[in-house]
Structure formats: structure tokens, C-alpha cells
Amino acid sequence: MSSLKAMLGILTAGLLLSGCMQATTYQAAPEATLKPADKAQLAKASYAKVTPPEPFRRAIVNYHRKEMPGTIVVDSDNHYLYLVQDGGKAIRYGVTVGEEALAFSGIARVGNMAEWPKWTPTADIHKRIEGLPASVPGGVDNPLGARALYLYQGNRDTLFRIHGTNQPEYIGASISSGCIRMTNEDVIDLYSRVKNGTVVVVLDPKQGDSPYNSKMALQGGGHAMVQ
């Protein structure tokens, strides 16, 4: 009898554990999202083509929060960007986020979108980094990378962006000037799935696993990269 109880206990524990486990399916961004111009640009990249560590690769994951499908959610603490899907799922991308003093949180929307955007550093960035040009043409070695989503509140450009990067080795780190960086392949994929007006929720620090606070307000500032 004791042996039977032990076996039943092991079986029950196994079932409970399997119910708690979250399967993560890693998938590279589909080639179909790359336009001929994208392939031509990416082929001539001079930066090191580094693959992010597995935890920060594009993945399909279970999603337990309550945002509507189509919402972008950024968990800066854990360096993830989620695009919420139907059926309790999300596409999760690894990202680089701003250093603590330069980071931001709150609610915004995508107010503009651009392919291979030019980069115009803000006055604040010019103060912190000497020798920058006034503007950098769009291209694979541009710091904004392949795509940019411009975050707005109302009609005001917050100067914060979700964009590509020519430094994929920093995906999963907190080093940027406040903006949210993705690999070029990932940001092309995200760009193909969203539109102007998409809601963007950037969670407050330590809020990644907490209920969403609708009173969060986007903290503007001059630390971001601007088109």
C-alpha cells in the first residue's frame, strides 16, 4: 500500500509540475518579412553579426497579462518586448533598454513609422557624446537600424523610439540612451505586424509581473534618439 501511495504521489507531482511549465518555442524572424532592399542592406553590414543568447531570441510564449491583442508591452527589467497575440500567447523579442537614469516607463502609441530611418542626435546626446554628426543617413550601419517606431503621447513626439541596432551584441543589456533597441531582423518583423496608433505599454521598474497600472504616465526627456 505504501508503495502504491508513493507511486501515486510521484505521478501527481509530475502532473502538477507539467501544468506549471511554460513551453518556449524559439523562432527566427520569418524571411518573408524581409524586402529585397532589406536583404541588400543586411548583406553589407559592417557590424559583427552576433546572435543574441537564447533567452533573448524571438520566441512564441504564453502570456498571462491582460493587454489586448496587438498591444506592445516592454518589460525593461527583463529586457523583453512582447507583441500580444490572441489565445493567451505573445511574440517575445529580446531588447536593449536605457540605463536607469535614461529609461522611461508609461503609456504611448506609435505615432510614426519609418524604414531605414535617418538619425538626428538630440542636443542632449551631442552634449554627452562629442564628435557626432548633425545627422546620419539611413542604412544598415545607422544606429537606428532597419526600422523605427516613434512613440507619441497625443500629438507630442516623446523623442523615444523602438528601433533596430548596429550593436546586436548588447541585446539583453541596459546601455542605450533611453530608446528600445532590437536586432534588425526582429524590428523588421515587429514593424510588419503593427501600425500607427498601436498602443505601447512600457512597464515601470519592478512591474514586469504585476498587474498593469493604467495611471502610469510616460516620462519624457531629451535623452532619446530623434529622427
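## Close-up views of a predicted model

**View 1. Where β7 meets β12.** In this predicted model, Arg109 has Val199 of β12 as its bridge partner. That pair is a good place to start looking, and the wider setting is easy to follow from there. β7 and β12 run antiparallel and are joined by four bridges.

**View 2. β12 and its pairing with β3.** Stay with β12 and turn to β3: these two strands pair in the parallel sense, over three bridges. Here Ile72 finds its bridge partner in Val200 of β12. So the reader can keep both strands in view, note that β3 covers residues 72–75 and β12 covers residues 199–202.

**View 3. The largest nonpolar core.** Which residues touch the most other members of this core? They are Ile72, Leu81, Leu149, Ile162, Met182 and Leu190, out of 31 residues in the core. At least two residues each come from β3, β4 (80–84), β5, β7 (106–115), β8 (147–153), β9 (156–163), α4 (184–193) and β12. The helix α4 gives the most, with four residues. In soluble globular proteins, nonpolar side chains tend to be buried together.

**View 4. The surroundings of Ile162.** Zoom in on Ile162 and set aside its neighbours within four places in sequence. Its contacts are then Ile72, Leu81, Arg147, Ala148, Leu149, Leu151, Ile180, Met182, Leu190 and Val200. Apart from the largest core lies another one, of 12 residues, with Val61, Tyr63, Val73 and Val84 among them.

**View 5. β2 between two pairings.** Strand β2 (residues 59–62) pairs with β1 (residues 25–26) in the antiparallel sense, over two bridges. To find this contact by residue, look for Tyr26, whose bridge partner in β2 is Ala59. β2 is also joined to β5 (residues 89–94) by four bridges, and these two strands run antiparallel as well. In that second pairing, Ile60 has Ile91 of β5 as its bridge partner.

**View 6. Confidence along the chain.** How much of the protein reaches a pLDDT of 70 or more? The figure is 77% of its residues, and the mean pLDDT of the protein is 81. Residues 1–21 have a pLDDT below 50, and this stretch has zero contacts in the model beyond near neighbours in sequence. Residues 210–227 also have a pLDDT below 50, but that stretch has 65 contacts beyond near neighbours in sequence.

Terms used:
Residues numbered from 1 in each chain as written. Predicted model: local features only at pLDDT ≥ 70, side-chain atom pairs only at ≥ 80, totals over all residues. Heavy atoms only, no water. Pairing = 2+ DSSP bridges. pLDDT = per-residue confidence, 0-100. Contact = heavy atoms within 4.5 Å. Core = buried A, V, L, I, M, F, W, Y, C linked by side-chain atoms within 4.5 Å. Buried < 20%, exposed > 50% of the residue type's maximum accessible area, 1.4 Å probe, protein only.
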